[in-house]
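Got your viewer open? Let's take a short walk through this model, one selection at a time.

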Amino acid sequence: DKVWEIQNLGPCTWTTAYSLVWSYGDWYGTEPVGLYYDVLPGETIQMWVNLTAPTEPGNYFAAFVMQNDRGTNFGIFSPLTIFITVEATPTP
């Protein structure tokens with residue numbers, strides 16, 4: 001699980017119809033995470049994203065952005081990012 005604290009810096013209220021969504025990167029398959037309460041301008045919310053690590057060894061990256069109630073992504077110039085390294089399982 002990954003938790004981000006996100007602040008609404010815009011002029012509009014984020015409603016429960018808004019979501020945190022995967023935007024780009026090589027680590028995908030994460031479901032959108034909806035807001036569980038309205039976030040007024042200036043307020044913050046903690047968003048939990050349930051992530052499943054890839055099974056193949058390598059370095060992975062994912063970027064997440066907010067999406068409004070019309071399906072438009074925003075925050076793309078400062079996305080929330082995560083990097084992981086999956087190591088090979090040693091053979092006995």
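Start with the side chain of N8, and look at what its polar atoms meet: one of them lies 3.1 Å from the backbone oxygen of V39. Keep in mind as you click around that this is a predicted model.

**Stop 1: around N8**

Zoom out a little to see where you are. N8 sits in the loop that runs between β1 (2-7) and β2 (19-25). Is N8 buried or exposed? Its relative accessibility is 1%, and buried means under 20%, so N8 counts as buried.

Now add W14 to the selection. The side chains of N8 and W14 are joined by a polar contact of 3.4 Å. To show the wider surroundings, select T13, W14, V39, L40, P41, G42 and E43: N8 is in contact with these residues, leaving aside its neighbours within four places in sequence.

**Stop 2: along β5**

Next, colour strand β5, residues 58-67. Which strands does it pair with? Take them one by one.

- Show β2 first: β2 and β5 are antiparallel, with 6 bridges. To find a spot on this pairing, select W22, which stands opposite F64 in β5.
- Then bring up β7, residues 80-86, which also runs antiparallel to β5 and is joined to it by 7 bridges. Here, pick A63 and look across to T81 in β7.
- Last, add β6, residues 73-74, paired with β5 in the antiparallel sense over 2 bridges. Click Q67 and you'll find its bridge partner, N73, in β6.

While you're there, follow the chain from β5 into β6. The two strands form a hairpin with 5 residues between them. Stop at G71 in the turn and check its backbone: phi is positive, at about 85 degrees.

If you switch on side chains along a strand, here's a handy rule: in a regular strand, side chains alternate between the two faces of the sheet.

**Stop 3: the largest pocket**

Finally, turn on a surface and look for the largest pocket, with a volume of about 300 Å³. Which residues should you select to land at its centre? Try Q7, W14, M66, F74 and G75, the closest to the centre among the 19 that line this pocket. You've met W14 already, as the side-chain partner of N8.

β1 and β5 are the elements that give two or more residues to the lining, and β5 gives the most, with 3 residues. Colour the lining by class to finish: you should get 12 nonpolar, 6 polar and 1 charged residues.

Note on methods. Residues numbered from 1 in each chain as written. Predicted model: local features only at pLDDT ≥ 70, side-chain atom pairs only at ≥ 80, totals over all residues. Heavy atoms only, no water. Helix = DSSP H or I, 4+ residues; strand = E, 2+ residues; numbered from the N terminus. Buried < 20%, exposed > 50% of the residue type's maximum accessible area, 1.4 Å probe, protein only. Polar contact = N/O pair within 3.5 Å; in protein donor to acceptor, adjacent residues only side chain to side chain. Contact = heavy atoms within 4.5 Å. Pairing = 2+ DSSP bridges. 1 Å grid on protein atoms, 1.4 Å probe; cavity = no way out; pocket = protein on both sides within 12 Å on 5 of 7 lines; lining within 4 Å. Points joined across faces, edges and corners; volume = space filled by probe spheres on them. Nonpolar A, V, L, I, M, F, W, Y, C, P; charged D, E, K, R; others polar.
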